[in-house]
Amino acid sequence: MNGYIYQQSNMMCPPPDKDEKKQLRRYYFRIAWIVVTLIFVFSILNTLILQLCAAMLGGGYSKEQIDAGKEIIRSTPLMKAIYSYGFPFIADIAAFGVGLLVTKTDIRKKFTVKGITGGSFLKFTALSFGVVTVGSVINVIISAIAAALSGKLSDFSVNNTSALNIAPQNNPLWLEILIYLYICLLGPIMEELIFRGVLLDGLRKYGNTFGIIMSAVLFGLMHQNFSQCLPAFCMGLVWAYIAVKYNSLVPSMILHMINNSMSAVLMVLIQNSSIDISNLQATIMGYMPLVIASLLNVALRLACIIASIVIIIRFYSSGGKLFRTSLYSKQRTWKYFFTSVPWLVVIAYMLYGTVTTISI
């Protein structure tokens, strides 16, 4: 036994009987409410309130009036921030609260650093940025192949929406500070509390491997963006593994904040770089911080990829194994999760939202 997880040895064990099958489906049904709440508040409720507010600002419920109202919202920094960042934060809080109710997780026990050394943290840092970089490269290759097959390879471009789409522009300084506070601090904390906290704890009840993989899949799909899905999944695997290994959210929170902060720094540098043909020297000097930061970013990620390869080879060559999947777990995880109607609806919804963002 391993604490909260009901792991069994790989001996022969009877499959779930009729009563346990019902219990398993009810259990996965309850866990689904975490993600259902997140989607409902973040997407459905947010969209509904946005439409109503736009209609009131535009003076009516026709398409033209609603579009006019939305333009007012976009042009008002505070209102734009509320819809772009306020609702996601409220959705995170709501989903986390539901997660605490359905999983009964003692989240206070997740804020520990017991067993975490400086060396182990550096290893997981390298793994995190190594796998996310590989995931990003694979994503670009898949997109390029899709563009080539569709005959639109000449129009193909690498679209890093993770940074630019959330970049606050033309806002007062105080508002930009609040927005970056969410991007670099509050957002990572809340996402870790949800995905590596209550959701992972709920999904790993009958098996660590299942919990780690599915929490990473849901983390990737929740971004609702093709360019972010695979990298987020890869990073989610590492962070979920760390959370299970140390029963702590501290490492993944720190790594999440570092990852988002690196993107935020690049956002600021990109926004403050402009081309002035009349003053080429000033333009070059203006781009130097961005060039230096980009080169450092590339060098860091290449180093992390090499370090990750070394770490993985050493791990397996020394006889290391990840969490073993017992027969008991196999009989109580995948089948009942993927025959749970709420989870089928949730995954279908997130898959649709991810696939429709593919642009070639």
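**Figure 1. A salt-bridge network joins K110, D201 and R204.** K110, D201 and R204 are linked in a network of salt bridges. The model shown here and in the other views is predicted. The structure holds seven salt bridges. Further ones appear in Figures 2 to 4.

**Figure 2. E192 pairs with R196 within helix α6.** The closest N and O atoms of this salt bridge are 2.6 Å apart. E192 and R196 are four residues apart in helix α6, so about one helical turn separates them. Both partners are buried: E192 is, and so is R196. Helix α6 spans residues 173–203. The same helix also contributes to the surface patch of Figure 5, where α6 supplies five residues.

**Figure 3. E71 pairs with R74 in helix α2.** A salt bridge connects E71 and R74, with 3.4 Å between the closest N and O atoms. The two residues are three apart in helix α2, which covers residues 63–75, so about one helical turn lies between them. E71 has a relative accessible area of 46% and is therefore partly exposed.

**Figure 4. D106, R108 and K104.** R108 and D106 form a salt bridge, and their closest N and O atoms are 3.2 Å apart. R108 is exposed, because its relative accessible area is 67%. D106 counts as partly exposed because its relative accessibility is 29%. K104 is also included in this view. K104 sits in the loop between α3 and α4. Its phi is positive, at about 60°, although K104 is not a glycine. K104 counts as exposed because its relative accessibility is 67%.

**Figure 5. A nonpolar patch lies on the surface.** The patch is formed by L78, I82, W174, L178, L181, L185 and L186. Together these residues have about 610 Å² of accessible area. Two elements give two or more residues to the patch: α3 (77–103) and α6 (173–203). Helix α6 gives the most, with five residues. L181 is one of the patch residues. L181 lies in helix α6. With 37% relative accessibility, above the 20% limit for buried and below the 50% limit for exposed, L181 counts as partly exposed.

**Figure 6. The largest cavity is lined mainly by nonpolar residues.** The structure holds one cavity of 30 Å³ or more. The space in the largest cavity is about 30 Å³. Its lining consists of I116, S120, F121, F124, I242, Y246 and P251. The elements that give two or more residues to this lining are α4 (118–149) and α8 (226–246). Helix α4 gives the most, with three residues. By class, the lining has six nonpolar residues, one polar residue and no charged residues.

**Figure 7. The second largest pocket is lined by 21 residues, most of them nonpolar.** This pocket holds about 680 Å³ of space. Among its 21 lining residues, F124, L127, Y241, F315 and L322 lie nearest the centre. F124 also lines the largest cavity, shown in Figure 6. At least two lining residues come from each of α4, α7 (208–222), α8 and α10 (280–317). Helix α8 gives the most to the lining of the pocket, with six residues. By class, 16 lining residues are nonpolar, two are polar and three are charged.

**Figure 8. N247 has a positive phi in the loop after α8.** N247 is located in the loop between α8 and α9, the latter spanning residues 250–271. The phi of N247 is near 50°, a positive value in a residue other than glycine. N247 is partly exposed, because its relative accessible area is 33%. The view also takes in Y246 and P251, both part of the lining of the largest cavity.

**Figure 9. The chain is built from helices, without strands.** This view gives the setting for the close-ups. The chain has 13 helices and zero strands. Read along the sequence, the pattern is α-α-α-α-α-α-α-α-α-α-α-α-α. Of the 360 residues in the chain, 42% are buried. Two of the buried residues are E192 and R196, the pair in Figure 2.

How values were computed: Residues are numbered from 1 along each chain as its sequence is written. This is a predicted model: local features need pLDDT of at least 70, side-chain atom pairs count only at pLDDT 80 or more; totals for chains, interfaces and linings use all residues. Side-chain values use heavy atoms; hydrogens and water are left out. Patches are made of residues with over 30% relative accessible area and no salt bridge: like charges are joined within 9 Å, nonpolar side chains (Val, Leu, Ile, Met, Phe, Trp, Tyr) within 5 Å. Accessible areas come from the Shrake-Rupley method with a 1.4 Å probe; for residues, only the protein chains shown count as cover. A salt bridge is a side-chain nitrogen of Lys or Arg within 4 Å of a carboxyl oxygen of Asp or Glu. Buried means under 20% relative accessible area, exposed over 50%, partly exposed in between (1.4 Å probe, protein chains only). On a 1 Å grid over the protein atoms alone, a cavity is a set of points where a 1.4 Å probe fits but cannot get out, and a pocket is an open set with protein on both sides within 12 Å along at least five of seven lines; lining residues have an atom within 4 Å of a point. Grid points are joined across faces, edges and corners, and a volume is the space filled by probe spheres set on the points. Ala, Val, Leu, Ile, Met, Phe, Trp, Tyr, Cys and Pro count as nonpolar, Asp, Glu, Lys and Arg as charged, and the others, Gly among them, as polar.
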